[in-house]
Amino acid sequence: MPTAEPPRRVTVFALGGTIAMGATAETGGAALSLSAEQLLAAVPGSADTGVGVDVVDFRRVPSAALRVSDISALAAAIRDRARDTDGVVVIQGTDTIEETAYLLDLLHAGVEPIVVTGAMRNPTLAGADGPANILAAIHTAAHPDARGQGCLVVFNDEIHAARRVRKTHTISTATFRSPNGGPLGYLVEGVPRFLNRLAHRTVVPADPGDDIRVALVPIVLGDDGTTVRAVADHVDGLVIAGLGGGHVPPPLVEDLEALAARIPVVLASRTAAGSVLRSTYEFAGSERDLLARGLVCAGYLDALKARILLHTLLTARCDSSVIRTAFEVAGATAAPGTWPWTTGG
C-alpha cells in the first residue's frame, strides 16, 4: 500500500493593509483592526484545502508605512522557516506590492514559493476581495508547480511574477497587471495552472536596510534638470524614468553625465511597459547619447523595480561593472548565465 504524503504546509505572514482594515466609528474611514488570525478565520473554504496553515502576525501597518528594512526582516523570517513550510503567503497593503514583492524575489534564494496578496476592498465593503485572494494565494503557495519561481503576486485569480507585475489602477480589483509578458498562470476551480514559467532567477546576497538612498526622478515636458540637481548631492544612486524609449531634454544631459561619473544612474522608461532602447535614436538626450555618457540601461525593468534592484546592489557593495551586468540580466538584455551570483541560476 502506498504511503500517504504528509499534508502540505504554508506559513502566512500578515503585514496589514486594506485587507486588515475596518471602518472607524468616528469617521467611517478605513483603519487597521484585524489580526492575521482574524483574516484567516474569515476565508470561506480555508478548512477544506487540505493545506496546513501557520500564521505569523509580522507587522500591522498600511503598506505606505513599510520600509526596506521591514522587507529584509521578513525575508530573514521566511528563511528561518524554510525547513518547516512548503510555501509562504504574505498579506499586505497593495500600495507597495509591486516593490515589496520584487525585493523579496531578489532576497529569496530558496525553491519555496513566496506568494504576495492583499485586497482592494476592505472587509466592510460589499464584494470584499480579500478572502478570495488569500485562499488563492494559499493554493498557489502549496502547489508544487510554484516551486522555483521565486516571489509571485496572486490577485483576482491571476498569478504574476514579482519582477513583472504592476499596480495599474487605484481602486479596481483587477489592478495588478504584467505588461511585459503577462501572467504566469491562473487559478481555475481553486487549482493553480501555470501556462508559462520563469526560466531563471535573479537573487542578490544582500540584507538591505534604510541607510541607502536611491531616488527616482520622472522626466517631464520641458524638464530643465532642477529636480535632478536638487537630489544629486543627497543620494547614493539615481533612477531616471525617461521619456519613451529612454530620452531626456537636452538641458539634462551634462548634469546626468556628471552625476553618472560619481554614482550609478540608471535609465528606465516612465511608460512602465516595453524596454528602454539602446541604439535606435541618436540626438542629445537620446538613449544612445545617455548610455554613452555612463548611464545604465534598465531594459525591461520599470523604474520602480529598477530602484529596488539598484538599492539592493548598492547594499551588496557592488562596483559599477557588477551593477551594469546585473541590470543587463534583470532587464533582459543579456543572457541569464552572466548574472553575477550563482544563486541567480
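**Exercise 1.** Which residue in β11 is the bridge partner of Glu158?

*Solution.* Begin with the strands of this predicted model: β8 covers residues 158–161, and β11 covers residues 185–188. These two strands run antiparallel and are joined by 2 bridges. Within β11, the residue that serves as bridge partner of Glu158 is Tyr186.

**Exercise 2.** Describe how β8 is joined to β7, and work out which way the side chains of β8 point.

*Solution.* First, look at the pairing: β7, made of residues 151–155, runs antiparallel to β8, and 4 bridges join them. Next, find a facing residue, and you will see that Ile159 in β8 has Val154 standing opposite. Then turn to the hairpin of β7 and β8, where 2 residues lie between the strands and Asn156 takes a positive phi near 60°. Finally, consider the side chains, which in a regular strand alternate between the two faces of the sheet. In β8, Glu158 and His160 point one way while Ile159 and Ala161 point the other way, and all of these residues are buried.

**Exercise 3.** Classify the aromatic pair formed by Phe13 and Phe58, and locate both residues in the chain.

*Solution.* The model has 4 aromatic pairs. In the pair of Phe13 and Phe58, the ring centres are 5.9 Å apart and the planes make an angle of 80°. Because planes over 60 degrees apart count as edge-to-face, this pair is edge-to-face. The pair links distant parts of the chain, since Phe13 belongs to strand β1 whereas Phe58 lies in the loop between β4 and α2, 45 residues apart. As a last step, check the accessibility: both Phe13 and Phe58 are buried.

Terms used: Residues numbered from 1 in each chain as written. Predicted model: local features only at pLDDT ≥ 70, side-chain atom pairs only at ≥ 80, totals over all residues. Heavy atoms only, no water. Buried < 20%, exposed > 50% of the residue type's maximum accessible area, 1.4 Å probe, protein only. Pairing = 2+ DSSP bridges. Phe/Tyr/Trp six-rings, centres within 6.5 Å; stacked < 30°, edge-to-face > 60°.
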